[in-house]
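Ready for some practice with a protein model? Grab a pencil, try each task yourself, and then follow the solution step by step.

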Amino acid sequence: MAGETVITIIGNLVDEPELRFTPSGAAVAKFRVASTPRVFDKQANEWKDGEGLFLSCSVWRQQAEHAAETLQKGMRVIVQGRLKQRSYEDSEGVKRTVFDLDVEEVGPSLLRATAVVTKAASGKSPQVQQAARQQGAASAEDPWSSNTPGVQRPAGDGWGQEGGGYSDEPPF
């Protein structure tokens, strides 16, 4: 939408994502991200923390469930979304303004960590997805699966598979 402020923030989760459901059944996960800039003080010859930014974030629907399953307190994350401002009056009658982020994308930072990405099968319960992962089964509708029926992959496709070399041939 025109005029919206889209930002990307990199920081650490301050608390565990909280997953809730609206009365209509839509999932929403809320979490806070702390982003603290670091600056080098030449006089002291050391790095110092700047003032931290704490931003409340909301992510919706299937992505909310994935975020709640994946993200943990303290984890470094990359979050992109639309910055929203809202004003309210606190219990003492003082007008307050806060900023929230409506999340479009969220994921772990790989700067100092590794992650294993598992494609979530749409429309299947987490139990069915887990069973499929444990059996090493690949969905017939997943064109990237290595054992999709009717799909041949060239040897040495550049992705560390046997053959070892890069090929200009498409992997399907």
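**Exercise 1.** Find what valine 79 touches, leaving out residues up to four places away in sequence.

*Solution.* Step 1: contact means heavy atoms within 4.5 Å. Step 2: with that cut-off, valine 79 touches Ile7, Thr8, Ile9, Phe31, Val33, Cys57, Leu101, Val103, Glu105 and Val106. Step 3: place Val79 in the bigger picture, as one of the residues with the most contacts inside the largest nonpolar core, which has 17 residues. Such a core is a set of buried Ala, Val, Leu, Ile, Met, Phe, Trp, Tyr and Cys residues joined through side-chain atoms within 4.5 Å. Buried means under 20% relative accessible area, exposed means over 50%, and partly exposed is in between (1.4 Å probe, protein chains only). Step 4: see who supplies the core. Strand 1, strand 3 (27-35), strand 6 (53-60), helix 1 (61-70), strand 7 and strand 8 each give two or more residues, and strand 3 has the largest share with four. Helices (H or I, at least four residues) and strands (E, at least two) are DSSP runs, numbered from the N terminus.

A quick word on the ground rules: this is a predicted model, where local features need pLDDT of at least 70 and side-chain atom pairs count only at pLDDT 80 or more, while totals for chains, interfaces and linings use all residues. Residues are numbered from 1 along each chain as its sequence is written, and side-chain values use heavy atoms, with hydrogens and water left out.

**Exercise 2.** Work out how strand 7 pairs with strand 1 and with strand 8.

*Solution.* Step 1: two strands pair if DSSP finds at least two bridges between them. Step 2: strand 1 and strand 7 are antiparallel, with eight bridges; here threonine 8 sits opposite glutamine 80. Step 3: strand 7 and strand 8 also run antiparallel, joined by 13 bridges, and arginine 82 has aspartate 102 as its bridge partner in strand 8. Step 4: check the turn. Five residues lie between the strands of this hairpin, and glycine 93 has a positive phi near 85° there.

**Exercise 3.** Which parts does the salt bridge between glutamate 4 and lysine 84 tie together?

*Solution.* Step 1: a salt bridge is a side-chain nitrogen of Lys or Arg within 4 Å of a carboxyl oxygen of Asp or Glu. Step 2: for glutamate 4 and lysine 84, the N to O distance is 3.2 Å. Step 3: Glu4 lies in the segment before strand 1 (5-13) and Lys84 in strand 7 (residues 76-89), so the pair links parts 80 residues apart in sequence. Step 4: glutamate 4 is partly exposed at 28%, and so is lysine 84 at 30%. Step 5: zoom out, and you get a network of salt bridges linking Glu4, Arg82, Lys84 and Glu104. The structure holds nine salt bridges.

**Exercise 4.** In the salt bridge of arginine 96 and aspartate 90, is each residue buried or partly exposed?

*Solution.* Step 1: their N to O distance is 3.1 Å. Step 2: arginine 96, at 39%, is partly exposed. Step 3: aspartate 90, at 17%, is buried.

**Exercise 5.** Where does pLDDT stay under 50?

*Solution.* Step 1: pLDDT is the predictor's confidence in each residue, from 0 to 100. Step 2: the chain averages 79, and 70% of the residues score at least 70. Step 3: the stretch under 50 is residues 145-167. Step 4: where pLDDT is low, don't read the predicted coordinates in detail.
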